Amino acid sequence: MILISGKWYVAPTELNGTIMLPVFLVVFLIIMIKQYRKQQHFSLKRILLLILFLLYLWLLLDITLFPILLFPPNSGPFKLGLGRQFFINLIFYVFPMYRPRQLIGNLILLAPLSFFAAIFKTRYRKFGNNLRLMFLSSLLIESLQLIFNIFYLGNRIFDVNDILLNTLGSILGFLFFKLLNLLSGIKKTSTSSKGKDRP
């Protein structure tokens, strides 16, 4: 349902995020086949991380882009012309206007993506590269939401505050990755020291 010039229009068809599940299943199988051809075996840890990553991506898309509204070409919104629904906010006012749930949600939205990026790609273990990727990811999501508005596929707002919060919150995921790395290094050092102490 969208609001244009004070009038509500109900889409006869709404697509939800479940339509993406077959796509993610195919992606998972393709990655597994490539992994097997390269190494001739499957790492259980790698498989679990991949499953978690794909589930997170699906949830991210489901939260940010769905439901997708489908109006017939001759329906009311299209008769008015494209772009009558145009939600964009370029004014920073994060804390006064956001509810706690919105604030926390936007802060943690890209934290897992930052974490997974650092796990799967060495280049994103550098803070600057990781933060740049998260900013561009948030910008892409907001831009898609704006495009969906123009073509009456959705009714979300392009908001610079979301980009700011998403990017800042992604640092949590990066710090979590660094913490795990640190703890892993300490554990390895401790294990090797015990081995040397043995007669």
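Here are four short exercises with worked solutions on a predicted model.

**Exercise 1. Check the length of two helices**

Work out which end-to-end spans helix H2 (residues 44-64) and helix H7 should have, and compare them with the model.

*Solution.* Start with H2, which has 21 residues. The expected span is 1.5 Å times one less than the number of residues, so H2 should cover 30 Å, and its end C-alpha atoms are indeed 30 Å apart. Now take H7, with 24 residues: the expected span is 34 Å and the end C-alpha atoms lie 35 Å apart, which agrees. Just beyond, H7 is followed by Tyr152, which has a positive phi near 60 degrees.

**Exercise 2. Find what is buried in H2 and H7**

List the buried residues of H2 and say what covers them; then do the exercise for H7.

*Solution.* In H2, the buried residues are Ile47, Leu49, Leu50, Phe53, Leu54, Tyr56, Trp58, Leu60 and Thr64. Their cover includes helix H1 (21-39), helix H6 (111-120) and helix H7 (127-150). For H7, the buried set is Asn130, Met134, Ser137, Ser138, Ile141, Glu142, Gln145, Leu146, Phe148 and Asn149.

**Exercise 3. Describe how H2 packs on H6**

Give the geometry of this helix pair, then the residues in the contact.

*Solution.* Two quantities are needed, because a packed pair is described by the angle between the axes and the distance between them. The axes of H2 and H6 come within 11 Å and cross at roughly 145 degrees. The crossing of H2 past H6 is left-handed. From H2, the contact draws on Arg46, Leu49, Leu50, Leu52, Phe53, Tyr56 and Leu57, while H6 supplies Pro112, Leu113, Phe116, Ile119 and Phe120. Sorted by class, that makes 11 nonpolar residues, no polar ones and 1 charged.

**Exercise 4. Place two residues of H8**

Decide whether Asn161 and Gly173 are buried or exposed, and name their contacts beyond four places in sequence.

*Solution.* Asn161 belongs to helix H8 (residues 160-197). Its relative accessibility is 0%, so Asn161 counts as buried. Around Asn161 sit Asn89, Ile91, Phe92, Tyr93, Val94 and Tyr98, all of which Asn161 touches. Closer in sequence, the side chains of Asn161 and Asp159 make a polar contact at 2.7 Å.

Gly173 is in H8 as well. With a relative accessible area of 5%, Gly173 is buried, and its contacts are Ala111, Ser114 and Phe115, leaving aside neighbours within four places. As a last step, compare Gly173 with Pro67: they are 106 residues apart in sequence, and their C-alpha atoms are 27 Å apart in space.

Technical notes:
Residues numbered from 1 in each chain as written. Predicted model: local features only at pLDDT ≥ 70, side-chain atom pairs only at ≥ 80, totals over all residues. Heavy atoms only, no water. Helix = DSSP H or I, 4+ residues; strand = E, 2+ residues; numbered from the N terminus. Buried < 20%, exposed > 50% of the residue type's maximum accessible area, 1.4 Å probe, protein only. Polar contact = N/O pair within 3.5 Å; in protein donor to acceptor, adjacent residues only side chain to side chain. Contact = heavy atoms within 4.5 Å. Axes fitted to C-alpha atoms, helices over the stretch in contact; angles between N-to-C directions. Left-handed = near helix turned anticlockwise from the far one by under 90°. Nonpolar A, V, L, I, M, F, W, Y, C, P; charged D, E, K, R; others polar.
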